[in-house]
Amino acid sequence: MIEKFINKIINLIKNEDYKNVLIEIENHSDNKNPFLLYYLAFTKDKLNQKEESLEILNKLIKNNPNFTEAQHLYSNINEDLKNYDISKNILESLIKKNPNDFKANYNLGRLYQLHLKNKKVALKYYQKALENNQNNYIILNAIGNLQKDLNYYEDSLKTFTNIVKKFPENYKVFVQLARMQLSTGLIDMAEESIKRAMILNK
């Protein structure tokens, strides 16, 4: 019964019908169910009720310390509120429990890159995330761009070449590859990449 209701909630979230999500959960007889509390917190975050969302998640995590997705959401909201140390501590705790948690590694890398201003540490976490999710375009793209920012041009070129092989129908990856090829003086190869991008973007 609860599974059917949760599917209903998920569909409402997909349709961005957040107000009805709140109504449905608050009126449900089992509204203290951990999964419903998670979706309640998720929805309140979407409605920019972040402090209320954190309050729900704090209690939820205390009662369900192995609820990983709740901790990820708790970390993300703290990042939004510029509580970077709290977000960092949560992600480090998740990685300590499970070093192969690609999402925690990626998010910690992003935190170091964007807010803690340490690109080399960020790259380390991105690369760890990639080890456990090798076909993830977002992670690969983050690595390639960060390698470029760090002037690791050969590494960046290899990464973008790898992205093209994995995602040959995405014109954006050929544009990125062309930019990297131009940066390293590979003019003819860059022209071919641009042509490929134009064909795919027709």
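This is a short selection-by-selection tour of a predicted model.

**Whole chain**

Start with everything shown as cartoon. You should see 12 helices and 0 strands, so to speak an α-only run from the N terminus onward. If you colour by burial, 43% of the 202 residues count as buried. Switch to a contact map and look at pairs at least 6 apart in sequence: 44% of those contacts join residues at least 24 apart.

**Helix 1**

Now select residues 2–14, which make up helix 1. Its 13 residues reach 18 Å from the first C-alpha to the last, close to the 18 Å expected at 1.5 Å a residue. Show side chains for Phe-5, Ile-6, Ile-9, Leu-12 and Ile-13, which are buried. Look down the axis and those five sit on the same side of helix 1, because they cover an arc of only 115°.

What lies over them? Add helix 2 (18–26) and helix 3 (34–46), which are among the elements covering the buried residues of helix 1. Then spin the view to the face turned away from the buried side and pick out Glu-3, Lys-4 and Lys-14, which are exposed.

**The loop after helix 1**

Step along to Glu-16, in the loop between helix 1 and helix 2. Which sign does phi of Glu-16 have? Positive, near 60°, in a residue other than glycine. That is worth a pause, because most residues other than glycine have a negative phi. As for its surroundings, Glu-16 is exposed, with a relative accessible area of 57%.

**A second positive phi**

Jump to Asn-151, in the loop between helix 9 (137–149) and helix 10 (153–166). Asn-151 is not a glycine either, yet its phi is positive at about 65°.

**The largest pocket**

Finally, turn on a surface and go to the largest pocket, with a volume of about 160 Å³. Select its lining as sticks: Lys-32, Leu-37, Leu-40, Glu-52, Glu-55, Ile-56, Lys-59, Leu-60 and Asn-63. Which helix gives the largest share of that lining? Helix 4 does, with 6 residues. Helix 3 and helix 4 (50–63) each supply at least two of the lining residues, so keep both in view.

Colour the sticks by class before you leave: the lining has 4 nonpolar, 1 polar and 4 charged residues. The charged set includes Lys-32 and Glu-52, while Leu-37 and Ile-56 are among the nonpolar ones.

Terms used: Residues numbered from 1 in each chain as written. Predicted model: local features only at pLDDT ≥ 70, side-chain atom pairs only at ≥ 80, totals over all residues. Heavy atoms only, no water. Helix = DSSP H or I, 4+ residues; strand = E, 2+ residues; numbered from the N terminus. Expected span 1.5 Å × (residues − 1). Buried < 20%, exposed > 50% of the residue type's maximum accessible area, 1.4 Å probe, protein only. Arc of directions from axis to C-beta. Contact = heavy atoms within 4.5 Å. 1 Å grid on protein atoms, 1.4 Å probe; cavity = no way out; pocket = protein on both sides within 12 Å on 5 of 7 lines; lining within 4 Å. Points joined across faces, edges and corners; volume = space filled by probe spheres on them.
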